[in-house]
Amino acid sequence: SCGINAEYGKQKTDVHYRSLNGEGNFNWRYIFPFKYLPAEEVMVIKKKEHFFSLDKHEEKYPVTFVVQIWDNDIFTPDDFLGLLELNLNFMPKANKFAKSVSLDDLPDNDKGKPVPMVSLFDQKNVKGWWPMYEEGGPGQPRDLTGKVEMELEILSKEDAEAKPAGKGQEEPNENPHLDPPNRPATSFLWFTSPWKSLRYIIWNNYKWYIIGGLIVLLIIAMIGLFIYSAPGALSQKLIQQI
């Protein structure tokens, strides 16, 4: 999920089911309209002070883009995996390659290492990889929990109207066009596709146990048949000899 300042305009992707290697593919577009004051480098959000308030008042916030990763669970609450917070006026420069991403890319890294910083409002467009992390407990360092590849673009109201685009993969799917995510055949909701579940989940993971079990059952059946038929065959042979 993503949002501006954690909750404003919060949006979610679809679900990448059964990721066997920990990798999720989405190719998903988020769109966040907001009012920006360049002189103060803040965004303006109109809120009601209380639930019963009739009028809204304006509040100013830094433009912080928040990305969160969650493990989707069907019958229990989703598990939080990691987050990334980017102040779009002063954000760490993206990495070109996933393998070079680390927590040292964040400006408040534990080593005090200087980090190249950029402003999306100056660059207009940035693309690359950033680290996802989970905060440690008191006195504990952060944990690197993932890496995310994104392209961020800032547009004026006029430019956004001239280049329409739908959220997610909705129409108009342009500016740019997003292809469906490249996901393996195992990415599906198990109870909606029972035959796929048998093939990709049960058979692929347990086929040798299944084959071994069938062989054992066949041997037991043959032994049982022999035990069942042996006394009759033996008595018939004795009668013939008498």
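The following exercises, with worked solutions, concern the fold, the salt bridges and one surface patch of this chain.

The model is predicted, so local features need pLDDT of at least 70, side-chain atom pairs count only at pLDDT 80 or more, and totals for chains, interfaces and linings use all residues. Residues are numbered from 1 along each chain as its sequence is written, and side-chain values use heavy atoms, with hydrogens and water left out.

**Exercise 1. Overall architecture**

State how many helices and strands the chain has, and in which pattern.

Solution. Helices (H or I, at least four residues) and strands (E, at least two) are DSSP runs, numbered from the N terminus.
- Step 1: the chain has three helices and eleven strands.
- Step 2: along the sequence, the pattern reads β-β-β-β-β-β-β-β-β-α-β-β-α-α.
- Step 3: of contacts (heavy atoms within 4.5 Å) between residues at least 6 apart in sequence, 53% join residues at least 24 apart.

**Exercise 2. Burial and surface**

Determine what share of the residues is buried and how much area the chain exposes.

Solution. Buried means under 20% relative accessible area, exposed over 50%, and partly exposed in between (1.4 Å probe, protein chains only).
- Step 1: 26% of the 242 residues count as buried.
- Step 2: the chain exposes about 17,400 Å², of which carbon and sulfur atoms supply 59%. Accessible areas come from the Shrake-Rupley method with a 1.4 Å probe; for residues, only the protein chains shown count as cover.

**Exercise 3. The sheet around Lys60**

Describe the sheet that contains strand 5, then place Lys60 and its salt-bridge partner.

Solution.
- Step 1: three strands form an open sheet in the order 3-4-5, with antiparallel pairing. Two strands pair if DSSP finds at least two bridges between them.
- Step 2: strand 3 and strand 5 are the edge strands, each pairing on one side only.
- Step 3: neighbouring strands of this sheet are turned by 40° against each other on average, direction ignored. Axes here are lines fitted to C-alpha atoms, for helices over the stretch in contact, and angles run from 0 to 180 degrees between N-to-C directions.
- Step 4: six bridges join strand 4 to strand 5, and Lys60 in strand 5 is the bridge partner of Val44.
- Step 5: Lys60 also forms a salt bridge (a side-chain nitrogen of Lys or Arg within 4 Å of a carboxyl oxygen of Asp or Glu) with Glu40, their closest N and O atoms being 3.1 Å apart. Glu40 lies in the loop between strand 3 (35–37) and strand 4 (42–48), and Lys60 in strand 5 (residues 56–61), 20 residues away.
- Step 6: Lys60 is partly exposed at 49% relative accessibility, and Glu40 is partly exposed at 44%.

**Exercise 4. Further salt bridges**

Give the count of salt bridges and compare the exposure of Lys111 and Asp104.

Solution. Side chains of opposite charge can pair when their charged atoms come close.
- Step 1: the count is seven salt bridges.
- Step 2: Lys111 and Asp104 pair at 3.2 Å between the closest N and O atoms. Lys111 is exposed at 66%, whereas Asp104 is buried at 18%.
- Step 3: Glu153 and Lys163 meet in a salt bridge at 3.5 Å, N to O. Because Glu153 lies in strand 11 (residues 143–153) and Lys163 in the loop between helix 2 (157–162) and helix 3, the pair ties together parts ten residues apart in sequence.
- Step 4: salt bridges that share partners join Asp108, Glu135 and Arg142 into one network.

**Exercise 5. A nonpolar patch**

Which residues form the nonpolar patch on the surface?

Solution.
- Step 1: patches are made of residues with over 30% relative accessible area and no salt bridge; like charges are joined within 9 Å, and nonpolar side chains (Val, Leu, Ile, Met, Phe, Trp, Tyr) within 5 Å.
- Step 2: the patch consists of Tyr206, Tyr209, Ile210, Leu214, Val216, Leu217 and Ile220, with about 750 Å² of accessible area together.
- Step 3: Leu214 lies in helix 3 (residues 194–241) and is exposed, at 54% relative accessible area.
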